[in-house]
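Colleague: Hi! I'm new to this one, so could you walk me through it?
Modeller: Happy to. Let's have it up on the screen.

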Amino acid sequence: EFRRVLFRSHESPRRRDLLAGVRLIAGHPSGLAVAILIGIRQVAIGALDVLLVIAAIELLRMGDEGAGFLNAALGLGTVVGGAATLGLAGRSRLSPYVLLGAVIWAVFLGATVLLRTPEIAVLLLALAAIGLTVLEATARTLLQRLLPLGAMASAFGVMEAFMLGGLAL
């Protein structure tokens with residue numbers, strides 16, 4: 001008991017907030033699923049940064065500048081996906097769009113590896129990024145809807161930790 005009291009008294013407010021956010025998300029299975037999905041998305045993004053360079057040079061034979069074209073395709077898809085998510089504003093059900101975004105991201109990203117043509121890869125990556133953007137925007141919005149308003153800062157702190165951990169992984 002003494003150790004628990006002793007260590008609690010030295011616990012920083014930031015640590016308490018982080019632990020509160022972890023407890024909050026863990027107590028809401030749907031919120032936990034969304035936070036984990038966003039973390040997994042970040043693992044894919046982190047890997048993609050490296051894989052695009054390898055794919056451009058070795059798989060697609062686009063040369064050193066190929067990675068720039070592939071990244072530009074992702075950027076274009078992100079802009080289009082951002083515009084597309086504006087049409088989802090005010091929808092009462094977002095979970096189907098989270099799933100749709102994840103499926104679009106996975107299918108078009110996977111097709112990029114199977115169809116080894118540079119022009120097609122650029123198009124497929126742009127389409128994949130549209131799905132990724134829909135996934136990101138709808139998942140964050142859904143998380144806000146699932147969790148209590150008063151604990152949103154702690155919950156989003158945990159989600160950001162998931163994202164940074166996924167990116168580092």
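Colleague: Let me start with α5 and helix α6: at roughly what angle do their axes cross?
Modeller: The axes of α5 and helix α6, which covers residues 118-146, cross at roughly 155° and come within 7 Å. Angles over 145 degrees count as roughly antiparallel, so α5 is roughly antiparallel to α6. Keep in mind that this is a predicted model.

Colleague: Which residue classes are found in the contact of α5 with α6?
Modeller: The contact of α5 with α6 has 19 nonpolar residues and five polar ones, with no charged residues.

Colleague: And is the crossing of α5 and α6 left-handed or right-handed?
Modeller: That crossing, α5 with α6, is left-handed.

Colleague: Okay, what about α4 and α6, how do their axes meet?
Modeller: The axes of α4 and α6 come within 7 Å, with a crossing angle of roughly 40°. That makes α4 oblique to α6. As for handedness, α4 passes α6 in a right-handed crossing.

Colleague: Then how do α3 and α5 lie, parallel or antiparallel?
Modeller: Their axes cross at roughly 20° and come within 12 Å. Angles under 35 degrees count as roughly parallel, and therefore α3 and α5 are roughly parallel to each other. The crossing of α3 past α5 is left-handed.

Colleague: Changing topic: how much space lies in the largest pocket?
Modeller: About 170 Å³.

Colleague: Which helices each supply at least two residues of its lining?
Modeller: Those are α3, residues 29-59, and α5, residues 95-114. The largest share comes from α3, which gives five residues.

Colleague: Can you name some residues for me to click on, and which classes do the lining residues fall into?
Modeller: Sure! The lining of the largest pocket includes Leu48, Leu51, Leu52, Ala55 and Leu59, and also Leu109, Thr112 and Val113. Leu60, Leu70 and Leu125 are lining residues too. By class, the lining has ten nonpolar residues and one polar residue, with no charged ones.

Colleague: Last thing: where in the chain is confidence lowest, and where is it highest?
Modeller: Confidence is lowest in helix α1, residues 2-9, with a mean pLDDT of 47. Helix α4, residues 66-86, has the highest, at 94.

Colleague: And what does the protein chain average?
Modeller: The average pLDDT is 83, and 89% of the residues score at least 70.

Terms used. Residues numbered from 1 in each chain as written. Predicted model: local features only at pLDDT ≥ 70, side-chain atom pairs only at ≥ 80, totals over all residues. Heavy atoms only, no water. 1 Å grid on protein atoms, 1.4 Å probe; cavity = no way out; pocket = protein on both sides within 12 Å on 5 of 7 lines; lining within 4 Å. Points joined across faces, edges and corners; volume = space filled by probe spheres on them. Helix = DSSP H or I, 4+ residues; strand = E, 2+ residues; numbered from the N terminus. Nonpolar A, V, L, I, M, F, W, Y, C, P; charged D, E, K, R; others polar. Axes fitted to C-alpha atoms, helices over the stretch in contact; angles between N-to-C directions. Parallel < 35°, antiparallel > 145°, perpendicular 65-115°, else oblique. Left-handed = near helix turned anticlockwise from the far one by under 90°. pLDDT = per-residue confidence, 0-100.
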